[in-house]
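This report describes selected features of one protein model. Please look over the sequence and the structure before reading on.

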Amino acid sequence: MVLKQQLSAPDGPPSDVERIKEESKYLKGTLAESIEDRLSAGINDDDNRLMKFHGSYLQDNRDLRNERQKQKLEPAYGFMLRVRAPGGVVTSEQWLVLEDLAEKYAHGALKLTTRQSFQMHGILKWNMKPTIQAINNTLLNTLAACGDVNRNVMCNPNPYQSEIHAQVYEYASTLSEYLLPRTRAYHEIWLDEERIAGTPEVEEVEPMYGPLYLPRKFKIGIAVPPSNDVDVFSQDLGLIAVQENGKLIGFNIAIGGGMGFTHGDKATYPQIAKVIGFCTPDKIVELAEKTITIQRDYGNRSVRKNARFKYTIDRLGLDVVKEELENRLGWKLEEAKPYHFDHNGDRYGWVEGSDGNWHFTLFVQNGRVKDFPDYQLKTALREIAKVHTGDFRLTPNQNLVIARVPSEKKEHITKLLDQYGLTDGRFHSALRRNSMACVALPTCGLAMAESQRYLPSLIDKIEDILDENGLRDEEITIRMTGCPNGCARPSLSEIAFMGKAVGKYNMYLGGAFDGSRLNKMYRENIGEEEILSELRVLLSRYAKERLEGEHFGDFVIRAEIIKATTDGTNFHD
């Protein structure tokens, strides 16, 4: 039996965020008043913390920050708004509404996120309420897209592969809905739901979360081998689908993944989730709930940078957490079943599904859906959505599947793709097709360096090196973030760059192509010239010295360019 004294939260005074949650009356705070205030385009810090639970937070345009300071003006405030879409699935009608809202209120751009959600940036405060109401009118919402709760549940979005993928999507949707906060604050503030006069506050408004919610965010992803496109080992709770004879028999359970850390702080680190057992599909919702309550009860509410579930597990011990989970469930996990991953990327172009429908996976560089001078991406997708009777599916790699196209509609969709020059990426290098980047500058307040605006041009130059070495079609994952918080899951890629300062990055190597191993820092605080110099040497060696079928991440370890740790998995700085 687990000794109860082993199970406790860390000592220390609660962080200021815990105070804000406690005083908020279940996420209400003074948000309604702040949004109506016209004296400023911003809101106070306490309400901004609460905004995250409603799917948004305040940012400012950092490109304009210095000039506005000189003019003694407040920052160019705008809100980031995130739409929750379990498994990344939306209808054509929903796509058209989101695209229209982005055009009206968010500088014309939709961002496809690495968690299969939509983001819009730069929404002015007085446009927030009509935007959220319009989103809710499509039967989507922004609730719990951010904040100290369970986030958007991820799953493999490709509907063509098997009936199992359709089942997994249903589990992702069920989990996402079941694990939502139950407070009516969202509906009262944004949707004008009125409380009945005299109705008392319900003490147990949050039967699972409680009044303080979680110590930090919680992430769930469901993978269907052999594809690990959701990067299941990056999740707080990862579910690995297990099938026998074409039937889904259950899920292997992995806990404790997380990508974020702080530069130079060895008490923080990226970590991959560890498989602790197996359970049947009918028990998944109960298992997810009980796992979350362990984090609720024993997570660190004093130091937020150590508040993710991975740190709770490391502090208490994996075996202790597993036993506590089984105690709360009242049943034991079975032994994990065999599984195998071979990649974590997308499969592009037209594919016929088992149901006779067609599905086109479109390459969307860094998830930026907007019209560029030479590439009218947003306009093209609007025209496709007007005639498309299936749905759109966001991939975990920031790409887009035009899904469930009937045979009789395929020719029409193909003509529109050709008319606007939309591409499955076949003319790009395999490196570019396997790239991801976070938003970073100018809107993210945490960014230390550029990411989505810079990575495409950096890849332009890396492609010259690939061409010199005959590696243009070699599948290599590359990811960039403006800071080490890990939004594009850079710690799992074969090549990664994390922002350290403007124009400077830490360079990481050695992640596994299937997303099962963390990378390790190779060079610190380097700029473009040094990046290209290093890659010229590394890629030349890889072209000459690799074994047949050997991926780049495996090569740099075998060649001792990066030294693996004992278990070959976790590379903490």
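The sections below cover a sheet, a helix packed on the sheet, and a pocket.

## Basis

The model is predicted.

## The five-stranded sheet

An open sheet is built from five strands, arranged in the order S3-S16-S17-S12-S11 with antiparallel pairing. Strand S3 (89-91) and strand S11 (349-352) are the edge strands, each of them pairing on one side only. From one strand to the next, the twist averages 25 degrees.

At the S3 end of the order, S3 pairs with strand S16 (residues 391-394) in the antiparallel sense, over three bridges. Opposite Asp391 in S16 stands Thr91.

## A helix across the sheet

Helix H13 (residues 407-419) lies across three strands: S11, strand S12 (358-362) and strand S17 (400-405). Relative to S17, H13 runs at about 150 degrees. Of the strands that H13 lies across, S11 is an edge strand of the sheet.

## The second largest pocket

The second largest pocket holds about 470 Å³ of space. Its lining consists of 24 residues, and those closest to the pocket centre are Ala106, His107, His121, Pro442 and Thr443.

Several strands take part in the lining of this pocket: strand S1 (56-60), strand S2 (77-83), strand S4 (110-112) and strand S5 (118-123) each supply at least two residues. S5 gives the most, with three residues. By residue class, the lining of the second largest pocket comprises 10 nonpolar, nine polar and five charged residues.

Terms used: Residues are numbered from 1 along each chain as its sequence is written. This is a predicted model: local features need pLDDT of at least 70, side-chain atom pairs count only at pLDDT 80 or more; totals for chains, interfaces and linings use all residues. Side-chain values use heavy atoms; hydrogens and water are left out. Two strands pair if DSSP finds at least two bridges between them. Helices (H or I, at least four residues) and strands (E, at least two) are DSSP runs, numbered from the N terminus. Axes are lines fitted to C-alpha atoms, for helices over the stretch in contact, and angles run from 0 to 180 degrees between N-to-C directions. Contact means heavy atoms within 4.5 Å. On a 1 Å grid over the protein atoms alone, a cavity is a set of points where a 1.4 Å probe fits but cannot get out, and a pocket is an open set with protein on both sides within 12 Å along at least five of seven lines; lining residues have an atom within 4 Å of a point. Grid points are joined across faces, edges and corners, and a volume is the space filled by probe spheres set on the points. Ala, Val, Leu, Ile, Met, Phe, Trp, Tyr, Cys and Pro count as nonpolar, Asp, Glu, Lys and Arg as charged, and the others, Gly among them, as polar.
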